[in-house]
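I opened a fresh notebook page for this one and wrote down what I looked up, step by step. Come along and check each entry against the picture.

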Amino acid sequence: MLYADRKRFEETGQELAELLEEEKLSGVPVLVFANKQDLMTAAPAAEIAEGLNLHTIRDRIWQIQACSAVTSEGVQDGMTWVCKNIATRKK
Ligand SMILES: Nc1nc2c(ncn2[C@@H]2O[C@H](COP(=O)(O)OP(=O)(O)OP(=O)(O)O)[C@@H](O)[C@H]2O)c(=O)[nH]1
């Protein structure tokens, strides 16, 4: 997911919250890539986490990973997190 537009954080956060209510996704870990970090204009990961209200997620583990698809920085770290946490499903 790419979030470049700060005005849409609230809307995106709402959509994410609705998605996470889906029964099939119950307890499934959430990883958000804060992409485009090679650009000065990119919102920092902390700002995205705040904007999407990730800190209100209590029913599963979640992570926000700063990355750049252009330089590939952070991409591997995010995927490693997925591999480590994919089997953990909070009941
Ligand atoms: N500088 C930079 N550009 C990126 C990065 N990731 C994607 N882009 C560029 O951003 C543009 C949009 O990429 P898409 O994959 O179409 O993403 P999108 O979600 O449809 O659109 P955005 O809202 O721009 O994220 C393309 O020109 C990509 O090459 C990145 O990490 N850094």
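**Entry 1: a term I need.** I call two residues in contact if their C-beta atoms, placed from the backbone, lie within 7 Å. I also remind myself that this is a predicted model.

**Entry 2: Gln37 and its contacts.** Which residues does Gln37 touch, not counting residues up to four places away in sequence? I found Ala42, Ala66, Cys67, Ser68, Glu73 and Gly74. Gln37 itself sits in the loop between strand 1 and helix 2. Is Gln37 buried or exposed? Gln37 counts as buried because it has 20 C-beta neighbours inside 10 Å, and the cut-off for buried is 20 or more.

**Entry 3: what the record says about this loop.** I checked UniProt next, where an unreviewed entry lists Asn35, Lys36, Gln37 and Asp38 under "binding site". I note this as coming from the record, and annotations of this kind may be inferred rather than shown by experiment. I then looked up Asn35, which is found in the loop between strand 1 (30–34) and helix 2 (45–51). Asn35 has 23 other C-beta atoms within 10 Å, so I wrote it down as buried.

**Entry 4: stepping back to the whole chain.** How many helices and strands does the protein have? I counted three helices and two strands. Reading along the sequence, I get the pattern α-β-α-β-α. The radius of gyration is 13 Å, close to the 12 Å that the globule rule gives for 91 residues, so the protein is as compact as a globular protein of that length. Along the principal axes, the C-alpha atoms fill a box of roughly 40 × 30 × 15 Å. Buried residues make up 12% of the 91 residues. I also looked at contacts between residues at least 6 apart in sequence: 70% of them join residues at least 24 apart.

**Entry 5: the two strands.** How do strand 1 and strand 2 run? They run parallel, and five bridges join them. I followed two of the pairings by eye: Val32 stands opposite Ile64 in strand 2, and the bridge partner of Phe33 in strand 2 is Gln65. With helix 2 added, strand 1 and strand 2 make a right-handed β-α-β unit.

**Entry 6: the nonpolar core.** Which residues form the largest nonpolar core? I listed seven: Phe33, Ala34, Ala45, Ile48, Ala49, Leu52 and Cys67. Strand 1 and helix 2 each supply at least two residues of this core. The largest share, three residues, comes from helix 2. A general point for my margin: in soluble globular proteins, nonpolar side chains tend to be buried together.

I then picked Leu52 out of the core and asked what it is in contact with, leaving aside its neighbours within four places in sequence. The answer is Phe9, Thr12, Gly13, Leu16 and Val32. Val32 is also the residue I had just seen opposite Ile64.

**Entry 7: two positive phi values.** I went looking for backbone angles and stopped at Asn53. Its phi is near 60°, a positive value in a residue other than glycine. Asn53 lies in the loop between helix 2 and strand 2 (62–66). With 15 C-beta neighbours inside 10 Å, Asn53 counts as partly exposed.

Ser72 is not a glycine either, and its phi is positive at about 70°. I found Ser72 in the loop between strand 2 and helix 3 (75–85). Is Ser72 buried or exposed? Ser72 is exposed, because it has 10 other C-beta atoms within 10 Å and the cut-off for exposed is 12 or fewer.

**Entry 8: some distances across the model.** I chose Glu22, in the loop between helix 1 (9–20) and strand 1. Glu22 has 9 C-beta neighbours inside 10 Å, so it counts as exposed. Glu22 and Ala42 are 20 residues apart along the chain, and their C-alpha atoms are separated by 30 Å.

My last stop was Asp77, which lies in helix 3. Asp77 is partly exposed, with 13 other C-beta atoms within 10 Å. How far apart in space are Asp77 and Gly27? I noted 21 Å from C-alpha to C-alpha, for two residues 50 apart in sequence.

Technical notes:
Residues are numbered from 1 along each chain as its sequence is written. This is a predicted model: local features need pLDDT of at least 70, side-chain atom pairs count only at pLDDT 80 or more; totals for chains, interfaces and linings use all residues. Helices (H or I, at least four residues) and strands (E, at least two) are DSSP runs, numbered from the N terminus. Two strands pair if DSSP finds at least two bridges between them. A crossover is right-handed if, with the strands pointing away from the viewer, the path from the first strand over the helix to the second runs clockwise. A nonpolar core is a set of buried Ala, Val, Leu, Ile, Met, Phe, Trp, Tyr and Cys residues joined through C-beta atoms within 7 Å. The radius of gyration is taken over C-alpha atoms; the globule rule is 2.2 Å times the number of residues to the power 0.38.
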